[in-house]
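Reader: I am new to this structure and would like a close look at a single part of it, with its surroundings explained step by step.

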Amino acid sequence: MAEGVDAPFQPVPFLITDPERIPTPRYYDEEFYRLECERLWPHVWQMACRQEQIPNVGDWIEYSNLGRSVIVIRPKDGIKAFHNACRHRGVQLAKGHGSCETQGFTCPFHGWRWNIEGKNTFVYGKHLFSEHQLEQGDLNLPECRAELWGGCVFINHDDNAPSFRESIGPVAERIDQYQIDKMRAEWCFGTVLPANWKVAMEAFMEGYHVMRTHPQLHEAAGSLYQSMYQEPQGTAAPVNMRISSRDNIKAQFKHMELLSEGMAGMCHAKDVATASQLLDVDLPEDQLQALMTWYGILNDQVTKQGRARGEPTPDLNALAVSHPIKAVEFIYPNYFLLPFLSSMSAYRIRPLGPESCLFEIWSLTLFPEGKEPPPVMDVTMLPYDSKEFPPIPQQDYSNIPEQQLGLHADGFEFMRLSKDIEGLISNYQRIIDGYLKGVDAQKLAKAQHELGGNFDGQIKDLGL
Ligand code: FES
Ligand SMILES: [Fe+2]
């Protein structure tokens with residue numbers, strides 16, 4: 001069992017000592033969970049809301065995780081976040097979302113008030129309090145750090161943590177190129193999964209599971225997956241050499257259709273429609289050449305047709321060279337982006353207990369300026385086995401509770417990771433150890449930079 005004390009750091013149970021082996025109690029042990037709550041979550045940047053959810057001055061929305069609630073608000077300038085507690089006796093001031101440009105916040109208990117800048121504007125029966133209890137600075141709502149990125153507000157409870165951009169590093173700039181800050185949510189579904197938050201996340205950190213979990217994808221693009229997972233790396237073509245160029249492209253298209261049905265925003269229906277117009281384009285006979293040619297034409301057409309509709313679509317062919325991104329991009333510790341052509345899906349996972357978590361999925365895409373849809377204010381909650389989820393998340397969710405149960409089996413002491421393609425799981429988990437041990441924040445930020453673009457990646461030396 002990888003358990004121990006790593007002086008001079010703080011003691012941490014179930015430390016990862018072999019990067020290819022993840023001790024299983026990390027996914028259910030109460031003490032390990034308590035340490036995450038105390039030493040990880042209050043020090044990391046958390047996606048708190050989408051910016052479009054608070055479009056006007058005075059609009060606010062609550063974000064809560066592990067009992068810490070903040071109010072994210074649009075004051076006169078920029079965005080702020082306030083700790084959600086009355087300065088008198090601590091009642092939470094706001095729940096859900098709303099707008100309070102003129103009225104501000106009023107505590108429901110004794111009626112103290114604050115304006116949208118967090119300034120206390122009213123104390124009922126002021127004369128009843130000692131003067132030192134009424135110091136203005138002390139009555140104003142304390143701010144929680146908030147930064148904007150990727151169309152979202154990220155918050156951090158730690159005033160000394162490196163900034164959001166310092167923390168996530170070059171991945172932010174890379175993804176910026178895809179106009180992520182201009183994307184809008186079309187829908188948001190949520191579910192409670194009976195599993196540790198890390199189990200749920202790790203189902204989306206490799207494509208190795210596609211063969212068995214998503215057989216329809218594997219059937220449509222078998223050569224692609226075989227070249228990635230079945231054959232020694234670099235030895236097999238991602239196309240089927242036994243069928244024509246044209247049939248390979250048809251298979252790619254089928255794969256896209258399934259992704260669209262399965263993930264909605266990940267392959268947006270408008271991009272599938274564009275691809276469907278390109279099934280008869282001239283193609284080289286060589287299957288690999290044909291695949292590259294076709295994706296070049298598709299990128300070009302998605303760009304042109306998006307722009308013709310008035311959407312701020314980036315030049316996808318230029319970006320494929322200058323800022324290539326992975327099928328899944330991970331923003332530590334709990335936010336994922338799944339970019340494909342013009343659009344993306346986004347996932348956020350929050351712990352609800354050692355063996356329970358909240359999993360949310362957004363579908364994001366670009367709209368012509370001024371024609372954005374109304375913001376999605378509320379998550380549509382479904383049971384995790386609901387048939388209303390798109391097929392691909394349904395398939396992923398079906399494994400997760402079973403995995404959580406299996407983790408408790410006698411003799412199953414650690415997960416056995418592939419060093420070549422399940423590296424992201426090991427890398428982000430060892431950064432958790434860094435937080436739990438008390439590693440220097442700058443060092444942890446630098447280690448986080450290694451996570452970007454590491455989907456299906458190798459285990460890395462993180463310098464922790
Ligand atoms: S607890 Fe808020 S005014 Fe008393
Ligand atoms: Fe999956």
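Reader: Which residue in β11 does M47 stand opposite?

Author: M47 stands opposite F154 in β11, and this comes from a predicted model, in which local features need pLDDT of at least 70 and side-chain atom pairs 80 or more, while totals for chains, interfaces and linings use all residues. Residues are numbered from 1 along each chain as written, chains are lettered from A and ligands numbered from 1 in written order, and side-chain values use heavy atoms without hydrogens or water.

The two strands concerned are β2, residues 46–50, and β11, residues 152–156, where a strand is a DSSP run (E) of at least two residues and a helix one (H or I) of at least four, numbered from the N terminus. They run antiparallel and are joined by four bridges, and pairing asks for at least two. Because five of the five residues of β2 are buried, this strand is largely enclosed by the rest of the structure; buried means under 20% relative accessible area, exposed over 50% and partly exposed in between (1.4 Å probe, protein chains only).

From here one can turn to C144, which has its place in strand β10, residues 143–149. C144 is buried, at a relative accessible area of 3%. Leaving out residues up to four places away in sequence, C144 touches V70, A81, F82, H83, I155, N156 and H157, where contact means heavy atoms within 4.5 Å. The C-alpha atom of C144 is separated by 9.6 Å from that of N84, although the two residues are 60 places apart along the chain.

A second part to follow is helix α1, residues 30–40, in which F32, Y33, L35, E36, R39 and L40 are buried. Seen down the helix axis, these buried residues fall within an arc of 160°, so they line one face of α1, the arc being that of the directions from the axis to the C-beta atoms. Among the elements that cover them are α5, β15 (343–353) and α14 (423–437). At the N-terminal end, α1 is capped by D29, a side-chain oxygen of which lies 3.1 Å from the backbone nitrogen of E31.

The helix α5, residues 197–202, leads on to the metal site, since H209 lies in the loop between α5 and α6 (210–213). The iron ion (ligand 2) is coordinated by NE2 of H209, NE2 of H214 and, twice, OD of D396, at 2.0 to 2.6 Å; donors are N, O and S atoms within 2.8 Å of the metal (3.2 Å for Na, K and Ca), with water not among the atoms, so sites may look incomplete. The donor residues follow the spacing H-x4-H-x181-D in sequence. Distant parts of the chain are thereby linked, for D396 belongs to helix α13 (residues 391–406), 187 residues away from H209.

Each of these donor residues can be placed in turn. H209 is buried at 17% relative accessibility, D396 is buried at 3%, and H214, in the loop between α6 and α7 (215–220), is buried at 2%. The side chains of H214 and H209 are joined by a polar contact of 3.2 Å, a pair of N or O atoms within 3.5 Å, where within protein one must be able to donate a hydrogen and the other to accept it, and residues adjacent in sequence count only through side-chain atoms. Apart from its neighbours within four places in sequence, H214 is in contact with H209, I392, Q395 and D396.
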